[in-house]
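Here is my note on the model, set out as numbered points. Please read each one with the structure open beside it.

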Amino acid sequence: VQLQASGGGLAQPGDSLRLSCAASGRTASDYDLGWFRQAPGFDHEFIAAIKWDGYTYYGDSMKGRFTVSRDRAKNMVFLQFSSLEPDDTAVYYCAASFRGGIVAADFDYWGQGTQVTVSS
């Protein structure tokens, strides 16, 4: 599976932002698509993922400000943020998992990451 994330950049506290990720290369219904982030000095942190049937699951404390969605026709996954905070500054990765899960080891394929910087 090839994954290409986009939509990162510089944002101000309180802003909203949407990241996109295009997936290709395998049967789309075979895998979940999800998002992680990694801030400097920290491990990958699970944000959310979505199954082919639209079922979504979120990491602890992520539900509320983050919303994951999927366009099945285009095989894309999106992550919508609201009320951005400086602590949201990180590299954001989309990833694909054939078995589902909430830790990085559960995901088999990764995109290249897109930087989000929140600063006033």
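1. A suitable place to begin is Asp88, whose relative accessibility of 1% places this residue among the buried ones, since it lies under the 20% limit. The model is a predicted one, and the points below should be read with that in mind.

2. Asp88 takes part in two of the contacts that I would look at with care. With Arg65 it forms a salt bridge whose closest N and O atoms are 2.8 Å apart; this pair connects distant parts of the chain, Asp88 being in the loop between β8 and β9 and Arg65 in the loop between β6 (56-58) and β7, 23 residues apart. Arg65 has a relative accessibility of 23% and therefore counts as partly exposed.

3. The side chain of Asp88 also meets that of Arg37 in a salt bridge, at 2.8 Å from N to O. Here again distant parts of the chain are linked, with Arg37 in strand β4 (residues 32-38) and Asp88 in the loop between β8 and β9 (90-97), 51 residues apart. Both Arg37 and Asp88 are buried. A network of salt bridges links Arg37, Glu45, Arg65 and Asp88.

4. The count of salt bridges comes to five, and one of them joins Arg99 to Asp108, with the closest N and O atoms 2.9 Å apart. Asp108, at 32% relative accessibility, is classed as partly exposed.

5. Which strands pair with β8? Strand β3 (residues 17-24) pairs with β8 in the antiparallel sense over six bridges, and strand β7 (residues 66-71) is likewise joined to β8 by six bridges, the two running antiparallel. Cys21 stands opposite Val77 in β8, while Phe66 has Phe81 of β8 as its bridge partner. Five of the six residues of β8 (residues 76-81) are buried, so this strand is largely enclosed by the rest of the structure. Arg18 lies over the face of Phe78, at 4.2 Å from the ring centre.

6. The hairpin formed by β7 and β8 has four residues between the strands, and Asn75 in the turn has a positive phi of about 50°. This turn residue is buried, with a relative accessible area of 8%. The side chain of Asn75 is joined to that of Tyr31 by a polar contact of 3.0 Å. Leaving aside neighbours within four places in sequence, Asn75 is in contact with several residues, including Cys21, Ala22, Leu33 and Arg70.

7. Twelve aromatic pairs are found in the structure. In the pair of Tyr31 and Phe98, the ring centres are 5.5 Å apart and the planes stand at 65°, so the arrangement is edge-to-face. Tyr31 is in the loop between β3 and β4, and Phe98 is in the loop between β9 and β10 (109-110), so that distant parts of the chain, 67 residues apart, are linked. Tyr31 counts as buried at 1% relative accessibility, whereas Phe98 is partly exposed, with a relative accessible area of 31%.

8. The rings of Phe36 and Phe46 are likewise edge-to-face, because their centres are 5.4 Å apart and their planes stand at 65°. Phe36 belongs to strand β4 and Phe46 to strand β5 (residues 45-50), so the pair ties together parts that are ten residues apart in sequence. Phe36, at 1% relative accessibility, is buried, and Phe46, at 7%, is buried too. One aromatic cluster is formed by Phe36, Phe46, Tyr55, Tyr57, Tyr93, Phe107 and Trp110.

Methods. Residues are numbered from 1 along each chain as its sequence is written. This is a predicted model: local features need pLDDT of at least 70, side-chain atom pairs count only at pLDDT 80 or more; totals for chains, interfaces and linings use all residues. Side-chain values use heavy atoms; hydrogens and water are left out. Buried means under 20% relative accessible area, exposed over 50%, partly exposed in between (1.4 Å probe, protein chains only). Two strands pair if DSSP finds at least two bridges between them. A salt bridge is a side-chain nitrogen of Lys or Arg within 4 Å of a carboxyl oxygen of Asp or Glu. A polar contact is a pair of N or O atoms within 3.5 Å; within protein, one must be able to donate a hydrogen and the other to accept it, and residues adjacent in sequence count only if both atoms are side-chain atoms. Contact means heavy atoms within 4.5 Å. Rings of Phe, Tyr and Trp (its six-membered ring) pair if their centres lie within 6.5 Å; planes under 30 degrees apart count as stacked, over 60 as edge-to-face and the rest as tilted. A charge sits over a ring if NZ of Lys or CZ of Arg is within 6 Å of the ring centre and within 35 degrees of the ring normal.
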